[in-house]
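Subject: Structure handover

Hello,

Here is the structure I promised to pass on. Please open it next to this email and follow along.

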Amino acid sequence: MTQEVVTIDASPNQFDSSQEADLSTVVIHLLKGILYNDSDAEQWRALLKLQSRVRDYVKVLGLDLHLDEAEGYAFLRTINESDDAPSSIPRLVARRRLSFQVSLILALLRKKMLELDTKGGDTRLIISRDDIIELLRVFLPSGTNEARIIDQVDTSISKIVDLGFLRLLKSQSAHIENYEVRRILKAFIDAQWLASLDQLLEEYSARLMKDVEDDD
């Protein structure tokens, strides 16, 4: 009787080559945008396995890895991006200036998320286009050109989708647009920012009132 011998090729070079390929793929994915656990489970697992190496790799580029395992998202941001002091390293991740309405909608969505978290239970915040319009409508002064405001809201929603804070959900009706508010919003709007929401709403109402007066 001949015994078959099975050999396993576990050479260090082969293993390292595989890890290097995984590292490159994960970093490229992060450089393109946000990595979500629910959208790409394979890349997410690779990131969790290689996160120390990813941090070392992107640090050379002046970037820092923000990873939230509980919420299931990760992204890259410039190191010390909150500092006003100029850096000798060129910015790889561009800083984007958001319009006032986009900032306001994000703040209102973050407030809704906070209310949902306080209640407990489901952590997914689903909101429709009409719901977003209603959030803003309460601040519209009488005489406002509502059609123009709604057109602006559609533009703002598209921008927020592009930024990765909203995800359009499939719907059986072509007349209903539902969105999931992504949990990554928590990383960009903290409690301190929410504390200034009342002032932001006052500024928004004042701007709308000025627009009404200018249209008269």
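**Starting point: Asp-68**

Asp-68 lies in strand β2. Keep in mind that this is a predicted model. Is Asp-68 buried, partly exposed or exposed? Its relative accessibility is 22%, so Asp-68 counts as partly exposed. The cut-off for buried is under 20%.

Now look at what surrounds Asp-68. Leaving out residues up to four places away in sequence, Asp-68 touches Trp-44 and Tyr-73. Tyr-36 is 32 residues from Asp-68 in sequence. In space, their C-alpha atoms are 9.9 Å apart.

**The sheet around β2**

Strand β2 belongs to an open sheet of three strands. Their order is β1-β3-β2, and the pairing is antiparallel. Which strands stand at the edges? They are β1 (35-36) and β2. Each has a single partner strand, so one side of each is left without a neighbour in the sheet.

Strands β1 and β3 pair in the antiparallel sense over two bridges. Find Leu-35 and you can trace one link: its bridge partner in β3 is Ala-74. Helix α2 (residues 41-59) lies across β1, β2 and β3. This helix runs at about 155° to β2.

**Other strand pairs**

Strand β6 has pairings to look at too. With β4, β6 pairs in the antiparallel sense over four bridges. Leu-125 has Val-181 as its bridge partner in β6. Strand β5 (residues 166-168) also pairs with β6 in the antiparallel sense, over three bridges. There, the bridge partner of Arg-167 is Glu-180 of β6.

**The nonpolar cores**

Some background first. In soluble globular proteins, nonpolar side chains tend to be buried together.

Here, the largest nonpolar core has 32 residues. Which of them touch the most other members? The answer is Leu-166, Val-181 and Leu-185. At least two residues of this core come from each of β3, α3, β4 (125-128), α4 (129-137), α5 (146-163), β6 and α8 (197-215). The largest share comes from α3, with ten residues.

Apart from this core lies another, of 16 residues. Among them are Leu-47, Leu-50, Val-54 and Ala-74. You have met Ala-74 already, as the bridge partner of Leu-35.

Take a closer look at Leu-185. Set aside its neighbours within four places in sequence. Leu-185 is then in contact with Leu-106, Leu-109, Arg-110, Met-113 and Phe-165.

**Two helices that cross**

Two packed helices are described by the angle between their axes and the distance between the axes. Try this on α3 and α4. Their axes come within 11 Å and cross at roughly 105°. Angles of 65 to 115 degrees count as roughly perpendicular, so α3 is roughly perpendicular to α4.

Which residues make the contact? From α3 they are Gln-101, Leu-104, Ile-105, Leu-108, Leu-109 and Lys-112. From α4 they are Ile-132, Leu-135 and Leu-136. Leu-109 is also one of the contacts of Leu-185.

**The salt bridges**

How many salt bridges are there? The count comes to eight. Three of them deserve a stop.

- Glu-71 and Arg-183 meet through their side chains, at 2.9 Å from N to O. Glu-71 is in the loop between β2 (63-68) and β3 (73-78), and Arg-183 is in the loop between β6 (178-181) and α6 (185-188). The two are 112 residues apart.
- Glu-71 and Lys-186 form a salt bridge at 3.2 Å, N to O. Lys-186 lies in helix α6, so the pair ties together parts that are 115 residues apart in sequence.
- Asp-117 and Arg-183 form a salt bridge, with their closest N and O atoms 3.1 Å apart. Asp-117 is in helix α3 (residues 100-119), and the pair is 66 residues apart.

Glu-71, Asp-117, Arg-183 and Lys-186 are thus linked in a network of salt bridges.

Are these residues buried or partly exposed? Arg-183 has 13% relative accessibility, so Arg-183 counts as buried. Glu-71 is partly exposed, at 25%. Asp-117 is partly exposed as well, at 29%. Lys-186, at 30%, counts as partly exposed.

Best wishes

Methods. Residues numbered from 1 in each chain as written. Predicted model: local features only at pLDDT ≥ 70, side-chain atom pairs only at ≥ 80, totals over all residues. Heavy atoms only, no water. Salt bridge = Lys/Arg side-chain N within 4 Å of Asp/Glu carboxyl O. Buried < 20%, exposed > 50% of the residue type's maximum accessible area, 1.4 Å probe, protein only. Core = buried A, V, L, I, M, F, W, Y, C linked by side-chain atoms within 4.5 Å. Contact = heavy atoms within 4.5 Å. Pairing = 2+ DSSP bridges. Axes fitted to C-alpha atoms, helices over the stretch in contact; angles between N-to-C directions. Parallel < 35°, antiparallel > 145°, perpendicular 65-115°, else oblique.
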